[in-house]
Amino acid sequence: MTLTLIAAVGLDGAIGRRGRLAFHISDDLRHFKQLTMGCPVIMGRKTFESLPKGALPGRRNIVVTRRPDFRAENTEVVHSIDEAITLCEQADRAFIIGGAEIYSQTIGRADALELTFVDARCPDADSFFPEVDPAQWEMTAEGPSAVDPGSGLTYRFATLRRRA
């Protein structure tokens, strides 16, 4: 199974603010859906609670939480990253979709990163993607820069693989 972290990351590493995404880019949301559809998605409870419609359709939703009584419709609830990854062992690919604490706990175990690099800073961000060490990661694909018509933000998609 390939474990992939997926996120939109600002120049300052920002990924979120006040329980929401730091950047709203329509094409990024479509890209996220295209990549994750049909695959297990692993997320923290706060990320799950930030989803506007609850569990993501067409994907196996796995929520990691310390709360022993947490339950949510159309999800599997676990209490550790190890439990979440074990549930995905039969999948070809599983995605870590956030938040910051879950990314930090899994970047050392990840095989790939699917990142949307946003050419902007988020001064009031309160959650950040872990630092990506270039000695450990190699960019294997990078799309051209594009501008989101709604927000005016410039961004590009990139795939990084862990160096052998």
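Here are three short exercises on this predicted model, each with a worked solution.

Residues are numbered from 1 along each chain as its sequence is written. Because the model is predicted, local features need pLDDT of at least 70 and side-chain atom pairs count only at pLDDT 80 or more, while totals for chains, interfaces and linings use all residues; side-chain values use heavy atoms, with hydrogens and water left out.

**Exercise 1. Strand partners**

Find the strands that pair with β7, and give the direction of each pairing.

*Solution.*
- Step 1: Start with the terms. Strands (E, at least two residues) and helices (H or I, at least four) are DSSP runs, numbered from the N terminus. Two strands pair if DSSP finds at least two bridges between them.
- Step 2: Look at β1 (residues 2-9). This strand runs parallel to β7 (residues 93-96), and 4 bridges join the two. Leu 3 stands opposite Ala 94 here.
- Step 3: Move on to β4 (residues 40-44), which is also parallel to β7, over 2 bridges. Here Ile 42 has Ile 96 as its bridge partner.

**Exercise 2. Following salt bridges**

Which parts of the chain do the salt bridges of Arg 93 and Arg 156 tie together?

*Solution.*
- Step 1: Recall the rule: a side-chain nitrogen of Lys or Arg lies within 4 Å of a carboxyl oxygen of Asp or Glu. The count by this rule is 10.
- Step 2: Take Arg 93, whose partner is Glu 114, with the closest N and O atoms 3.1 Å apart. Arg 93 is in β7 and Glu 114 in β8 (residues 112-118), so this pair links parts 21 residues apart in sequence.
- Step 3: Go to Arg 156, which forms a salt bridge with Asp 119 at 3.6 Å. Asp 119 sits in the loop between β8 and β9 and Arg 156 in β12, so parts 37 residues apart in sequence are tied together.
- Step 4: Add Glu 142, which meets Arg 156 at 2.3 Å, N to O. Glu 142 belongs to β10 (residues 137-142) and Arg 156 to β12, so the parts joined are 14 residues apart in sequence.

**Exercise 3. A charged residue inside**

Describe the surroundings of Asp 148.

*Solution.*
- Step 1: Locate Asp 148 in the loop between β11 (146-147) and β12 (154-162).
- Step 2: Check for a charged partner. Asp 148 is buried (under 20% relative accessible area, 1.4 Å probe, protein chains only). Asp 148 has no salt bridge, and Arg 30, the nearest side chain of opposite charge, is 6.1 Å away.
- Step 3: Look for a polar contact (a pair of N or O atoms within 3.5 Å; within protein, one must be able to donate a hydrogen and the other to accept it, and residues adjacent in sequence count only if both atoms are side-chain atoms). The side chain of Ser 151 provides one, at 2.8 Å.

Methods:
Buried < 20%, exposed > 50% of the residue type's maximum accessible area, 1.4 Å probe, protein only. Lys, Arg positive; Asp, Glu negative; His and termini not counted.
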